[in-house]
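The following exercises ask the reader to work through a protein chain with its sequence and coordinates at hand. Each task is followed by a solution in steps.

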Amino acid sequence: MQSKLSGVVKKWSKRCVIGLLLVLATFLALRIYETQRGPALSLWHTYVPPDWHYDDIDHATWAQYLAHENVLFDDVRTHVSDHLPAEERVPSNRFNPASPIYPEHFQQDWNRSYTLMPAGAPRGVVVLLHGLTDSPYSLRHIGRRYQRDGFAVVAVRLPGHGTVPSGLSDVTWEDWASATRLAVREARTLVPAPLPLHIVGFSNGGALAMQYALDAIEDPKLARPDRLILISPMIGITAFARFAGLAALPAYLPPFAKAAWLGIVPEFNPFKYNSFPVNGARQSYRLTRALQSQIVDMSRQDKLGTLPPVLTFHSVLDFTVSTRAVVSALYQRLPANGSELVLFDINRSAKMVPFFRAAASDAMLRLLPPAPRNYRTTIVTNATPDSPDMVAQVTEAGSADTRVTPLALRYPQEIFSLSHVALPFPMSDSLYGIRPDEAESFGVHLGALSVRGEVGFLVIGADTFLRLSSNPFFPLMEQYIDEATGAPAQ
């Protein structure tokens, strides 16, 4: 009987293996078919500049990192920009030296690392960590606010970024973590303790900021931050990213190199990649998994008691990262240390709720656990469902009572929600703002584009026009920064 049962188990095991192999073969065949139909790879997809990895960065000074960064950009100019074929020398190509969006034309190329110093003696220092496919440009307004408040600013270009999208095909999250440590070392060189050290992280940079703070608790050689500010932090992402590596398997065969890319898109943005390699998604997934595991382990060992206060800004609707993970994987495990979660609700006065998916219209109700909570929550929402005037619904840590405070802010009627990419940019940002500042120009006002016409003839996808890229509530974030730095609000 036992022998017969064993034979049945082996038979079904074999069938399962064969079934899985057939599923994998079908997936790979469909993946190859999908990628072969797409646009061809360009030089910025195939040439990989020699960026440093963590073993180089951990032994480098800030000056050495900047020197190598200069080499990288010279390298990209030589191997990409100077060799573009005629059909790619178009005004909408950021790598075209004759294009108005060519970054080296600008007074400052915000793809590169930079530092800012205040007018007088520094009152503290802040490290800025940008997001995936992004560049140091994304946090420049935050940096300028800190500089105005008397803080020195260190903004690092994370490895694989700022040059060409293919740079993300040869990078690991450990490289980004190493660059974070380098930036903090430079920050403490500019402004030694005991003056305050803040770390601001946007999206993927938020995960790096959080992980550094946890590492600093366990490693006495690391400078401890006094405050963390996270903007749309990538604490968790979709489960699809776990299997992103499978999507790139056909790329090991040269004829199917396009399979290494989740998106091959024209590069019309001077400070952000549009094309996205599979490895970028994979490394973000590895980072978030490592971070969540570290939070759980340190929470169980009661090591989070010395964690600095965490201030997070997040849109209730976020198509890039998991808003729920911010609450469940991070805030639910924070000690009562003065942390705060600021959530931007949908615009209930825009009359778009009937067009939302059911999961979106009641997202706020499902996000937060019942009060009291260990952290303060502030929900920025409409005063009434018919009013664009905004209020802050504030629930203090340890309390179940909510007070409502009017804000001198309004939700523009044409905006139905914020987005993942919008939060760090004011409405006046020259590149992403709905009302761009004309005094500063980067060749295009992407956030102000609102056009109608025949479809299929633009190099820019329709989602570029629809997705909000600037934040009508940025003044509120500036007020929070003023409070964190102890500077008078304006």
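**Exercise 1. Two residues with positive phi**

Locate Asp302 and Ser203 in the chain, and decide whether each is buried or exposed.

Solution. Asp302 is found in the loop between helix H9 (278–300) and S8. The model is a predicted one, and in it the phi of Asp302 is near 55°, a positive value in a residue other than glycine. The relative accessibility of Asp302 is 69%, so this residue counts as exposed, the cut-off being over 50%.

Ser203 belongs to the loop between S4 and H7. Its phi is near 60°, again a positive value in a non-glycine residue. With 4% relative accessibility, Ser203 therefore counts as buried, since buried means under 20%.

**Exercise 2. Cis peptide bonds**

Identify where the cis peptide bonds that precede Pro194 and Pro372 are placed in the chain.

Solution. Begin with Pro194, which lies in the loop between H6 and S4. The bond from Ala193 to Pro194 is cis, and its omega is near 15°. Next, take Pro372, located in the loop between helix H12 (363–367) and S10. Here the cis bond runs from Ala371 to Pro372, with omega near 5°.

**Exercise 3. The sheet and its strand order**

Determine the order of the strands in the open sheet of ten strands, and name its edge strands.

Solution. Step one is the order, which reads S1-S3-S2-S4-S5-S8-S9-S10-S11-S12, with mixed pairing. Step two concerns the edges: strand S1 (114–116) and S12 each pair on one side only. Step three is the twist, which averages 15° from one strand to the next.

Step four places a helix on this sheet. H14 packs on it and touches several strands, among them strand S3 (151–156), strand S4 (197–202), S9 and S12. The direction of H14 makes about 170° with that of S9.

**Exercise 4. Pairing from S9 to S12**

Which strands pair with S11, and in what sense do they run?

Solution. Approach S11 from S9. Strand S9 (residues 340–344) runs parallel to S10, and five bridges join the two; Phe344 stands opposite Val380 in S10.

Strand S10 (residues 376–382) is in turn joined to S11 by six bridges, and this pair is antiparallel. Thr381 has Val391 of S11 as its bridge partner. S10 and S11 form a hairpin, with six residues between them.

On to strand S12 (residues 402–410): S11 pairs with it over six bridges in the antiparallel sense. Val394 stands opposite Arg403 in S12. This pair also forms a hairpin with six residues between the strands, and Gly398 in the turn has a positive phi of about 80°.

As for the surroundings of S11 (residues 389–395), five of its seven residues are buried, which leaves the strand mostly covered.

**Exercise 5. Two helix pairs**

Describe how H5 packs with H14 and how H6 packs with H7, including the class of each crossing angle.

Solution. Two packed helices are described by the angle between their axes and the distance between the axes.

For helix H5 (residues 140–148) and helix H14 (residues 474–485), the axes come within 10 Å and cross at roughly 40°. H5 and H14 are therefore oblique to each other. The crossing is right-handed. On the H5 side, the contact residues are His141, Ile142, Arg145, Tyr146 and Arg148; on the H14 side, they are Phe474, Met477, Glu478, Ile481, Asp482 and Thr485. By type, the residues of this contact comprise five nonpolar, two polar and four charged.

For helix H6 (residues 173–190) and helix H7 (residues 204–218), the axes also come within 10 Å, and the crossing is at roughly 65°. H6 is therefore roughly perpendicular to H7, the class that spans 65 to 115 degrees. H6 passes H7 in a right-handed crossing. H6 contributes Trp173, Trp176, Ala177, Thr180, Arg181 and Val184, which meet Asn204, Leu208, Gln211 and Tyr212 in H7. These contact residues divide into six nonpolar, three polar and one charged.

**Exercise 6. The chain as a whole**

How many helices and strands does the chain have, and what percentage of its residues is buried?

Solution. The chain has 14 helices and twelve strands. Of its 490 residues, 53% are buried. Among contacts with a separation of 6 or more, 72% are between residues 24 or more positions apart.

Note on methods. Residues are numbered from 1 along each chain as its sequence is written. This is a predicted model: local features need pLDDT of at least 70, side-chain atom pairs count only at pLDDT 80 or more; totals for chains, interfaces and linings use all residues. Side-chain values use heavy atoms; hydrogens and water are left out. Axes are lines fitted to C-alpha atoms, for helices over the stretch in contact, and angles run from 0 to 180 degrees between N-to-C directions. Helices (H or I, at least four residues) and strands (E, at least two) are DSSP runs, numbered from the N terminus. Angles under 35 degrees count as roughly parallel, over 145 as roughly antiparallel, 65 to 115 as roughly perpendicular and the rest as oblique. A crossing is left-handed if the near helix is turned anticlockwise from the far one by less than a right angle, and right-handed if clockwise. Contact means heavy atoms within 4.5 Å. Ala, Val, Leu, Ile, Met, Phe, Trp, Tyr, Cys and Pro count as nonpolar, Asp, Glu, Lys and Arg as charged, and the others, Gly among them, as polar. Buried means under 20% relative accessible area, exposed over 50%, partly exposed in between (1.4 Å probe, protein chains only). Two strands pair if DSSP finds at least two bridges between them.
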